[in-house]
Structure formats: C-alpha cells, structure tokens
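Let's walk through this protein together, one piece at a time. Keep the picture in view as you read, and look for each part when its name comes up.

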Amino acid sequence: MWKCLFNTLFSCLLVLAALPVEAQTLRVAKLKYDGGGDWYANKTALPNLIAYCNDHLKTDIAREEEIVEVGSPDLFLFPYVYMTGHGNVVFSSQQAENLRNYLTSGGFLHIDDNYGLDPYIRLEMSKVFPNLNFVELPFDHPIYHQKYDFPEGLPKIHEHDGKPAQGFGIFHEGRLVCFYSYESDLGNGWEDQVIYNDPQEVRLKALKMGANIISYVFTTEN
C-alpha cells in the first residue's frame with residue numbers, strides 16, 4: 001500500500017509543481033460521470049461543508065469545490081472526491097480503471113445517495129472492483145467517532161423511502177477506500193438552509209457527519 005501511496009503522492013507533486021503557488025491549496029472535488037444522472041446536484045453542499053470543516057476542524061481547504069471527471073488524471077489531485085445524484089451512472093472501462101487506480105493509490109470516494117442512485121452505483125462500482133462488495137460499517141467504525149460521536153451510525157437527514165440510514169464501505173487491502181451514505185442524504189443537509197428548510201438541528205447533524213468523513217480521510221492511517 002505504501003508503494004502505491006508514494007507513487008500517487010509523487011505524481012501529485014509533479015502536477016502541483018507546475019501550478020502557480022496560489023493553485024497549490026488543498027482541494028476537494030465533485031465527481032462528474034456519464035449516464036444522464038444529475039452529478040451536479042446539491043450545488044451549495046460541498047462549499048458549505050468545506051466552510052464548516054475550516055471553521056470547526058481548522059482545516060485549510062479551498063472554499064470552492066472543483067469538478068473532476070471519472071476518467072481524468074486530475075482525479076489524483078484530490079484526497080477526497082464527492083459523488084451524488086438521483087439517476088443513472090455509467091462508467092466506461094477506462095473510467096472504471098482510472099477510478100480503481102485512484103482508490104487503490106490512496107484516494108477516497110464518498111458516494112452520497114441523493115435518492116434513486118443505489119441500483120446504478122452498485123452496478124458501476126462492481127466494474128471498479130469486480131471482486132469486492134459494499135459492506136455495512138458497524139456503528140463502532142472510526143468514521144462515526146472522529147470529532148463528533150454518532151453512536152448509532154449514519155444520521156437520517158431526509159426520509160426518502162423511510163428506510164434507516166446506512167453507511168456502506170468498500171475495503172481494499174484493509175483500507176476503507178469508498179464510503180457510501182445510503183438513505184441519509186447528507187448532501188441535502190449540507191445545502192443552504194433556504195433550499196430544503198431543514199431544521200438547524202438536522203443540518204448540524206449532516207455537517208458534523210460530513211466533518212467526520214473529512215477528518216477520517218485526512219487523519220486516518222489504515
């Protein structure tokens with residue numbers, strides 16, 4: 001694993017070295033994918049989560065989200081990539097390979113079901129990892145116990161089908177490389193309050209859980 005991490009970090013450093021100094025800030029990105037699904041949903045979500053993390057975790061993340069395509073080499077510039085949407089997702093073989101290389105080299109993908117994403121993303125992630133499956137994370141997993149404690153696991157933010165919120169993961173060589181928040185809709189909770197008119201208590205749960213994910217990605221060695 002460390003060899004892969006070194007290779008990824010070295011590649012990122014080469015790219016960063018060619019960038020102007022002001023562009024060399026820690027950044028996170030939203031994943032752009034094919035298939036017709038609304039990958040662009042929740043436009044205020046990531047900027048609000050970034051602001052919350054910078055204020056409460058003392059991170060120094062660029063305030064605006066980036067957009068990165070699944071098959072792009074730029075994927076390797078981001079330690080955390082967020083994916084959301086309601087509809088169809090399609091990964092080509094090249095895109096699946098690129099995403100697999102990113103994840104096995106130290107990257108992290110957070111898939112956030114915005115309602116209706118589940119059947120599509122499970123099929124496409126099977127292209128990325130044909131021999132690995134999503135497994136539900138136990139409530140004592142560290143991702144639920146970073147700065148904020150969630151003893152009952154993923155919080156329920158929006159009703160959707162009324163099913164309980166569940167957090168799934170894909171592990172590669174013992175490392176959590178993908179976290180899938182299902183029937184929770186964290187991104188809707190991160191959005192500007194006027195969009196869904198969620199109570200502040202609900203929005204705070206979503207933001208705190210998002211901050212836990214960011215904290216886990218940036219601080220956990222596994």
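N197 sits in the loop between helix 6 (193-196) and helix 7 (200-219). Bear in mind as you look that this is a predicted model. The backbone at N197 has a positive phi of about 55°, although the residue is not a glycine. Most residues other than glycine have a negative phi. Is N197 buried or exposed? With a relative accessibility of 56%, N197 counts as exposed, because the cut-off for that word is over 50%.

Now find N42, in the loop between strand 1 and helix 2 (45-56). N42 is not a glycine either, and its phi is positive, near 55°. Its surroundings tell another story: at 5% relative accessibility, N42 counts as buried, because buried means under 20%.

Let's step back to the whole chain. It has seven helices and seven strands, and along the sequence they follow the pattern α-β-α-β-β-α-β-α-β-β-β-α-α-α. Of the 222 residues in the chain, 52% are buried. The accessible surface comes to about 10400 Å², and carbon and sulfur atoms account for 54% of it. Consider also the contacts between residues at least 6 apart in sequence: 74% of them join residues at least 24 apart. For one example of distant parts of the chain being brought together, look at T59, in the loop between helix 2 and strand 2. T59 and S215 are 156 residues apart along the chain, yet their C-alpha atoms are separated by 9.0 Å. Leaving out residues up to four places away in sequence, T59 touches C53, N54 and F218.

Next comes the sheet. Strands of a sheet pair through backbone hydrogen bonds, either parallel or antiparallel. Here seven strands form an open sheet in the order 2-1-3-4-7-6-5, with mixed pairing. Its edges are strand 2 (66-69) and strand 5 (135-136), each of which pairs on one side only. Starting from the strand 2 edge, strand 1 (residues 29-32) pairs with strand 2 in the parallel sense over four bridges. Strand 1 also pairs with strand 3 in the parallel sense, over two bridges. A29 shows both links: its bridge partner in strand 2 is E66, and its bridge partner in strand 3 is V81.

Moving on, strand 3 and strand 4 are parallel partners too, joined over five bridges. Across this pairing, M83 stands opposite I111, and T84 has D112 as its bridge partner. How many residues of strand 4 are buried? Five of the five are, so strand 4 is largely enclosed by the rest of the structure. In a regular strand the side chains alternate between the two faces of the sheet. In strand 4, L109, I111 and D113 lie on one side and H110 and D112 on the other, with both faces covered. Strand 3 is mostly covered as well, with five of its five residues buried. V81, M83 and G85 point one way from strand 3, while Y82 and T84 point the other way.

What lies against these strands? Helix 3 (residues 93-104) lies across strand 3 (81-85), strand 4 (109-113), strand 6 (166-172) and strand 7 (175-182), running at about 115° to strand 7. Then there is helix 4 (residues 118-128), whose buried residues are D118, I121, E124, M125 and V128. They cover an arc of only 135° around the axis, which puts them on the same side of helix 4. These buried residues pack against strand 3, helix 3, strand 4, strand 6 and strand 7. The face turned away from the buried side carries the exposed residues P119 and L123.

Finally, look inside. In soluble globular proteins, nonpolar side chains tend to be buried together. The largest nonpolar core here has 32 residues, of which F91, L99, L109, I111 and M125 touch the most other members. Strand 1, strand 3, helix 3, strand 4, helix 4, strand 6 and strand 7 each give two or more residues to this core. A second, separate core of 31 residues includes Y82, F108, M209 and I214. To finish, zoom in on F91: beyond its neighbours within four places in sequence, its contacts include Y33, V70, M83, L99, I121 and M125.

Conventions:
Residues numbered from 1 in each chain as written. Predicted model: local features only at pLDDT ≥ 70, side-chain atom pairs only at ≥ 80, totals over all residues. Heavy atoms only, no water. Pairing = 2+ DSSP bridges. Contact = heavy atoms within 4.5 Å. Axes fitted to C-alpha atoms, helices over the stretch in contact; angles between N-to-C directions. Buried < 20%, exposed > 50% of the residue type's maximum accessible area, 1.4 Å probe, protein only. Areas by Shrake-Rupley, 256 points an atom, 1.4 Å probe, with all protein chains shown as cover. Arc of directions from axis to C-beta. Core = buried A, V, L, I, M, F, W, Y, C linked by side-chain atoms within 4.5 Å.
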